[in-house]
Structure formats: structure tokens, C-alpha cells
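Colleague: I would like to learn how to read a model like this. Please take me through it feature by feature.

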Amino acid sequence: MSFSRRLFLQSAAALAVLPKVTWASGQDLVAQTAMQQIAPDGYPETPVWSYGGGVPGSEIRLPQGARLQRRLVNNLPQATTVHWHGIRIDNAMDGVPGLTQDVVAPGKDFTYDFVVPDAGTYWYHAHNRSVEQVARGLYGPLIVEEADAPDVDHDLTLMLDDWRLDPETAHIVDDFDNGHDQSHAGRFGNLVSVNGRFDPSYPVQSRDRLRLRLINASNARIYDLALDGLTGWIVALDGMPLETPIAVGESFPLAPAQRADLIVDVQAESDTVTSLVSREREGGFGLVRFPVSGRAAKAARSGIVPLPPNPLPQMVLDGAPLHRMTLQGGAMRWLESAQLGETELSGRELAQLGRFWALNGHAERPNEPFLDAQQGSAHRIEFVNETAFPHAMHLHGHHFRLILSDGSLGPWRDTVLVERGQTRQIALVADNPGDWLLHCHMLGHAASGMMSWFRVT
Ligand code: C2O
Ligand code: CU
């Protein structure tokens with residue numbers, strides 16, 4: 001029995017409308033082990049780590065401006081924390097061990113309590129030993145609703161992940177610190193799941209309009225996504241509305257931690273199957289199917305309006321200082337040397353310690369911040385990727401704007417993909433006080449050196 005994607009592609013998928021799990025107790029987020037059918041039917045269940053007994057953890061949904069309170073209860077054998085990815089959050093609630101809080105030991109708890117300022121699609125995930133804990137399933141969607149939400153028939157959250165499963169037992173292969181993965185593109189799986197299931201299916205009707213909230217929870221996989229039999233627009237990226245929605249063309253990329261909100265119209269006739277497709281070198285394969293049955297009585301909607309804007313800061317770039325962050329190391333561009341703390345070590349010594357990458361010469365989070373910013377000041381950060389691999393650079397506590405090649409300001413994001421050899425600039429208003437992480441969201445890269453931070457005072 002081999003665990004090939006072909007087999008997965010050909011297997012008949014059950015029609016699964018995923019149930020919404022309800023909280024065991026109102027305000028608790030219980031990190032616990034669980035069993036889940038991730039591989040196709042006929043394969044054994046997979047032991048996972050979960051929030052509340054299922055992967056993804058139950059969807060947290062609340063109105064913009066509301067207060068979110070969850071007591072994390074750690075019933076796992078390993079210390080953990082929760083990070084609320086993309087939320088412009090109070091620093092003390094950001095969930096970064098050693099920077100904003102202590103780890104929550106097994107058997108202990110920690111209460112998160114904060115306000116969500118922006119509407120959109122966000123997610124929460126473990127931030128201690130993320131390379132292992134996220135790969136084992138510690139993530140879930142966090143949806144903040146607009147007061148004036150677009151008119152759709154279905155609002156579907158689709159969390160993409162790839163799992164490295166043993167083809168016989170369907171157990172997660174536990175080589176999280178595999179040096180080959182870490183020094184190359186990161187940990188890839190052999191099975192792609194959406195909402196914790198292989199090849200799920202959501203029935204729709206012809207003329208339906210859907211909102212698809214795509215979230216990439218994978219450790220390292222960059223998807224190249226396409227629609228088959230559906231027409232759509234990207235209306236938000238990383239939670240933040242686009243001023244002008246973009247028609248989904250051939251395909252669009254979704255790097256680790258990134259989100260895209262799509263408004264999609266089902267124009268296909270009844271008794272056809274439409275899908276969200278992942279395009280790969282060897283061809284496309286379906287991630288989610290939307291079988292069309294029947295036709296909605298109403299007329300199809302036409303046209304698209306942008307989502308209402310979030311209360312983001314005004315970006316004034318005049319005189320904003322430029323800070324360069326060089327991404328270094330990895331296979332084929334091995335580090336000559338880099339710093340661990342105050343000590344300069346050779347690339348060979350670092351590799352023996354499982355460090356393969358560096359940001360500005362530091363192979364771990366440095367003692368001094370990369371940037372010490374006055375609250376409210378604007379900055380440019382230039383990511384110079386000298387490595388042979390792409391990296392998904394993520395800033396905590398802030399969204400930033402891409403600076404496009406013509407110098408104009410692009411969309412707001414919290415995670416930017418920097419292709420190999422590429423240089424990309426972003427613009428940031430450092431308006432959220434505290435100590436904030438800045439790291440690669442390829443989690444094996446973060447664990448093996450690509451970790452930095454900035455301070456806003
Ligand atoms: Cu979603 Cu520091 O990460
Ligand atoms: Cu990386």
C-alpha cells in the first residue's frame with residue numbers, strides 16, 4: 001500500500017459536511033490529544049494534537065470590536081502557548097514564549113483576553129515548538145465578522161494543511177527536527193487535508209454565491225490555487241480587504257500562514273462537480289469539491305463590491321527609514337558563520353546545533369531587536385533573500401503594506417512571500433507597543449534560525 005497522491009486522487013470521497021464542534025466548556029480552549037480520520041476511508045485514524053478534540057480546532061467567530069476570552073488548558077505532554085495570527089493584539093496576549101509570556105506547562109492554563117480590532121479571516125495556532133505542534137494539528141480558524149458582511153449563500157472556512165503520514169499506520173511521522181527538511185524547503189507532507197479531512201465535499205446549488213476563507217496552516221507548503229468550474233474574486237488578503245477585488249485568473253499563491261478571502265459564483269449547471277484545485281508540477285489535483293445539485297430559485301448575483309475597510313493606520317512613507325533584513329543560509333548557500341547570542345560560530349558548528357539559517361547574521365532570535373521603533377513611526381523593511389529557497393516572512397502585532405516595484409503601495413498583509421533571490425520591500429506603521437516577533441513562517445526555518453524581533457515603544 002503506498003501513500004501516493006495518485007491513489008488519493010482516485011479514491012472516492014465521501015460527501016462530508018463537517019460538523020461544527022462545540023466547546024466542551026464555554027470559554028476553554030483545551031489542548032489535547034485526539035484521533036481523527038484524516039487519510040481516506042479505509043486507512044486508520046491518525047493520532048493528532050488538537051484544540052478541543054478535532055483538527056482544525058473549532059471555529060472562533062465573533063463580531064468586529066468584540067472581546068475574545070479563552071482559557072487555554074494544556075492537557076498535552078508538552079508545554080505550549082497560543083498565538084492569534086494576524087490579530088493586531090495587545091502584546092501580552094500574543095503568545096510568544098520568552099518574549100510575551102511563559103510557556104504553559106502540561107496540566108497548567110493561561111487565559112487569553114483581548115479585543116479584535118479588524119474584521120476578516122485569521123487563525124490561531126501553537127507558538128511553542130511550532131514545527132512539531134502545528135504539524136500535529138494545533139491550529140484553528142478565527143473569524144471576525146464585518147458589521148456589514150457581503151451577501152452570500154455559504155460562508156465557508158477552508159483550512160489547508162499537508163500531513164506527513166506513515167502509509168501503513170496513518171500516524172504522523174515524528175521527524176520534526178529532520179535536518180534535511182530544515183535546511184531545504186521545510187517539512188512537506190504526503191497528504192493534503194482541508195479542514196482536517198482528505199478531499200472534503202460541500203454541496204452547492206447553481207447560482208449560489210460563496211465566500212471561501214482560505215487559510216494555509218501548512219508547515220512549509222506554498223499552494224498555487226485555482227478554481228475549476230467557479231468564477232471568483234479575491235476580496236481580502238491576510239484578513240484585510242482589498243480596495244479593488246482581483247478576479248481569480250489562472251491561479252494565485254498562498255504561502256504558509258497566509259489567507260485569502262474569495263467571493264465565488266457557482267455558474268455551473270446542476271449535476272456537475274466544481275472544485276478548488278492545487279496546481280503542482282505534475283498537474284492539478286482537487287482539494288475540495290463543490291458538487292452542484294439543483295438551481296437556486298433566485299437570480300444569480302452579479303458584480304462585486306469591496307469589503308468594508310478596517311481601521312488601519314495612515315501610511316506616510318516620506319522620510320521613513322529603510323531597514324535591511326538579509327535572509328541567509330540553507331542548502332546550497334550554507335552559512336559561513338553567524339551569531340548565536342554573542343558568539344560567532346562557523347556554519348559547520350551551527351549545523352551541528354541544528355541551525356541552518358540566519359537573519360542579518362543571527363542564527364536565533366538576537367538579544368537586541370532588529371528595529372527599535374517609536375510608536376506611530378513609519379518604516380520600510382527590505383527583505384533580501386540571498387538563499388536558494390522562498391520564505392514567508394511574518395510580523396507579529398501589525399499589518400504592513402507591500403511596496404510594489406513601481407514604488408506604489410500594495411495590499412496590506414501580515415505575511416509576505418519572498419522568492420529565492422528576490423528583494424521585497426514592505427512599509428510599516430509601528431503603532432502597536434511591545435516586543436514583536438518577525439520570522440519565517442516555514443516553521444522548520446524559524447526553528448533553525450530565521451527568527452528575529454522588533455520593539456515598539
Ligand atoms: Cu503564525 Cu509567529 O506566527
Ligand atoms: Cu523560510
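Modeller: We start with the ground rules, then take the fold, the metal site and a single residue.

Modeller: This is a predicted model, where local features need pLDDT of at least 70, side-chain atom pairs count only at pLDDT 80 or more, and totals for chains, interfaces and linings use all residues. Residues are numbered from 1 along each chain as its sequence is written, chains are lettered from A and ligands numbered from 1 in the order in which they are written, and side-chain values use heavy atoms, with hydrogens and water left out.

Colleague: How many helices and strands does the chain have?

Modeller: Helices (H or I, at least four residues) and strands (E, at least two) are DSSP runs, numbered from the N terminus. Here there are 5 helices and 33 strands. The radius of gyration, taken over C-alpha atoms, is set against a globule rule of 2.2 Å times the number of residues to the power 0.38. The chain has 21 Å, close to the 23 Å that the rule gives for 457 residues, so it is as compact as a globular protein of that length. Its C-alpha atoms fill a box of roughly 65 × 55 × 45 Å along the principal axes.

Colleague: What share of the residues counts as buried?

Modeller: Buried means under 20% relative accessible area, exposed over 50%, and partly exposed in between (1.4 Å probe, protein chains only). Of the 457 residues, 59% are buried.

Colleague: Which protein donors does the copper ion (ligand 2) have?

Modeller: Donors are N, O and S atoms within 2.8 Å of the metal (3.2 Å for Na, K and Ca); water is not among the atoms, so sites may look incomplete. For this copper ion, they are H391 (ND1), C440 (SG) and H445 (ND1), at 2.0 to 2.1 Å. Their spacing along the chain is H-x48-C-x4-H. H391 sits in strand β27 (residues 391-395) and C440 in strand β32 (residues 434-440), so this pair ties together parts 49 residues apart in sequence.

Colleague: Are H391 and C440 buried or exposed?

Modeller: H391 is buried, at 0% relative accessible area. C440 is buried too, also at 0%.

Colleague: And a single residue: where is Q69, and what does Q69 touch?

Modeller: Q69 belongs to strand β4 (residues 67-74). At 32% relative accessibility, Q69 is partly exposed. Contact means heavy atoms within 4.5 Å. Leaving out residues up to four places away in sequence, Q69 touches Q27, Y112 and D113. The C-alpha atoms of Q69 and V416, 347 residues apart along the chain, are 29 Å from each other.
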